[in-house]
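Hi,

Here is the structure I promised to pass on. Have a look at it first, and then read on for what turned up.

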Amino acid sequence: MAGDKITRVAAIGTGTIGASWTAVFLARGLTVSASDPAPGAETFLREFVAAAWSSLARLSPLPAEPPWAALTFHTQPEAAVVGAEFIQESAPEREELKRALLARLDAVLDPEIVIASSSSGLLMSRLQNDCRHPERCVVGHPFNPPHLVPLVEVVGGEKTGPEAIERALAFYTAIGKQPIHIRREVPGHVANRLQAALWREALHLVAEGVASVADIDIAISAGPGLRWALMGPHLTFHLAGGVGGIEHFLEQFAAPMSSWWETLGNPALTPDLKERLTAGITAETAGRGIAELAAWRDRFLVDLLTLRARQTS
């Protein structure tokens, strides 16, 4: 089925990521059948969707309440996928668990139905090994929180067919996401590897006493992070090259930047560094809890996404 024709989706696993996906699907007018075996999972899912709805409503016209009639919940994944035209699996990030779950889903689905895993770093070539139809399995990795952040990384495994990649890309595009096709598997995909590289250097700077945890965060959030919200690193440096673009940037800055690479750190997460990091976060948050920080983040993301939409309309 073409990605832009899909109307019924199964959300398998409804923790934070799966619940966020469910909010996206409902906001795009899809019928969602959800599944999670955890005690209290349905209550968590409905509370999450209700809380996310106000943010989604600021981005596009939506009814006052989520369309609860379009959402059903099941404890068994096989029941949830009946009639579904696309599967978004968001089970815990454990290879053995996901591998077994994908095999269970594959056993009861028509071969043309795509199974997409939200895995943040596992390789689809390993997850699809026990499936009768591994050609339909892809990674469809969102960035947290999926109901607000547009990125989805689509990655095939060794046995994934090109049709599944195309259907996944079309589906995510149709629901307003910005999918990218990662053409070769690597642990962590692309965005998380970039994030890990930055955090490694941030930890090195903490370990070396170069700056405080809070000041390192400000160095990103009040500096390059603002530019990265609009342009990636390559396009940012192209702009930094002025009228000469990336060619001039490389001529002027490639050598000095290459010399910085030689001094980048490779820190070990020792008990001492963990303690310093925890103490730094305690000082930076100044008593603000996770819920307050998440709400603050989500308000900013909505404002940023609204601005981006205005600039591209």
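Let me start with a small puzzle: in which loop is Pro 145 found? It is the loop between E6 and E7 that holds Pro 145. Keep in mind throughout that this is a predicted model. The reason I picked that proline is its peptide bond: Asn 144 and Pro 145 are joined in cis, with omega at about 0°. In general, most peptide bonds are trans.

**The sheet**

The strands make an open sheet of eight, in the order E3-E2-E1-E4-E5-E6-E7-E8, and the pairing is mixed. E3 (71-74) and E8 (178-182) are the edge strands; each has a single partner strand, so one side of each lacks a neighbour in the sheet. From one strand to the next the twist averages 25°.

E6 (residues 137-142) is worth a zoom. Six of its six residues are buried, so the rest of the structure largely encloses this strand. In general, side chains in a regular strand alternate between the two faces of the sheet. In E6 both faces are covered: Cys 137, Val 139 and His 141 are buried on one side, and Val 138, Gly 140 and Pro 142 are buried on the other.

As for the strands that pair with E6:

- E5 (residues 114-117) pairs with E6 in the parallel sense over three bridges. Ile 115 stands opposite Cys 137, and Ser 117 has Val 139 as its bridge partner.
- E7 runs antiparallel to E6, and five bridges join the two. Here Val 139 turns up again, with Val 155 as its bridge partner in E7.

Elsewhere in the sheet, E1 (residues 8-12) is mostly covered, with four of its five residues buried. E1 pairs with E2 (residues 31-35) in the parallel sense over five bridges, and Ala 10 stands opposite Ser 33 of E2.

**Helix H7 and what it touches**

H7 has 17 residues and reaches 24 Å from its first C-alpha to its last, close to the 24 Å expected at 1.5 Å a residue. Its buried residues are Ala 191, Asn 192, Glu 201, Ala 202, Leu 203, His 204 and Val 206. These pack against E6, E7 (151-156), H8 and H12 (271-285).

How do H7 and H8 meet? The axes of H7 (residues 191-207) and H8 (residues 213-221) come within 10 Å and cross at roughly 145°. The crossing is right-handed. H7 brings Leu 198, Ala 202, Leu 205 and Val 206 to the contact, while H8 brings Val 213, Ile 216 and Ile 220. By class that is seven nonpolar residues, with no polar and no charged ones. Just after H7, Gly 209 takes a positive phi of about 70°.

You may wonder about Glu 201, a residue of H7. Is Glu 201 buried or exposed? At 17% relative accessibility it counts as buried, because the cut-off is under 20%. Leaving aside residues up to four places away in sequence, Glu 201 touches Leu 264 and Gly 265. The C-alpha atoms of Glu 201 and Thr 173 are separated by 34 Å, with the two positions 28 residues apart along the chain.

**Backbone oddities**

In general, most residues other than glycine have a negative phi. Two that are not glycine have a positive one here:

- His 189, with phi at about 60°, is found in the loop between E8 and H7. At 2% relative accessibility, His 189 counts as buried.
- Ala 286, with phi at about 50°, has its place in the loop between H12 and H13 (290-312). Ala 286 is exposed, with a relative accessible area of 62%.

**One more loop**

Gly 29 is found in the loop between H1 (16-27) and E2. Gly 29 is exposed too, with a relative accessible area of 63%. Its C-alpha atom is separated by 9.6 Å from that of Leu 62, although the two are 33 residues apart along the chain.

If you only have time for a quick look, I'd begin with the cis bond between Asn 144 and Pro 145 and then go on to the contact of H7 with H8, with its seven nonpolar residues.

Cheers

Conventions: Residues numbered from 1 in each chain as written. Predicted model: local features only at pLDDT ≥ 70, side-chain atom pairs only at ≥ 80, totals over all residues. Heavy atoms only, no water. Axes fitted to C-alpha atoms, helices over the stretch in contact; angles between N-to-C directions. Left-handed = near helix turned anticlockwise from the far one by under 90°. Contact = heavy atoms within 4.5 Å. Nonpolar A, V, L, I, M, F, W, Y, C, P; charged D, E, K, R; others polar. Pairing = 2+ DSSP bridges. Expected span 1.5 Å × (residues − 1). Buried < 20%, exposed > 50% of the residue type's maximum accessible area, 1.4 Å probe, protein only.
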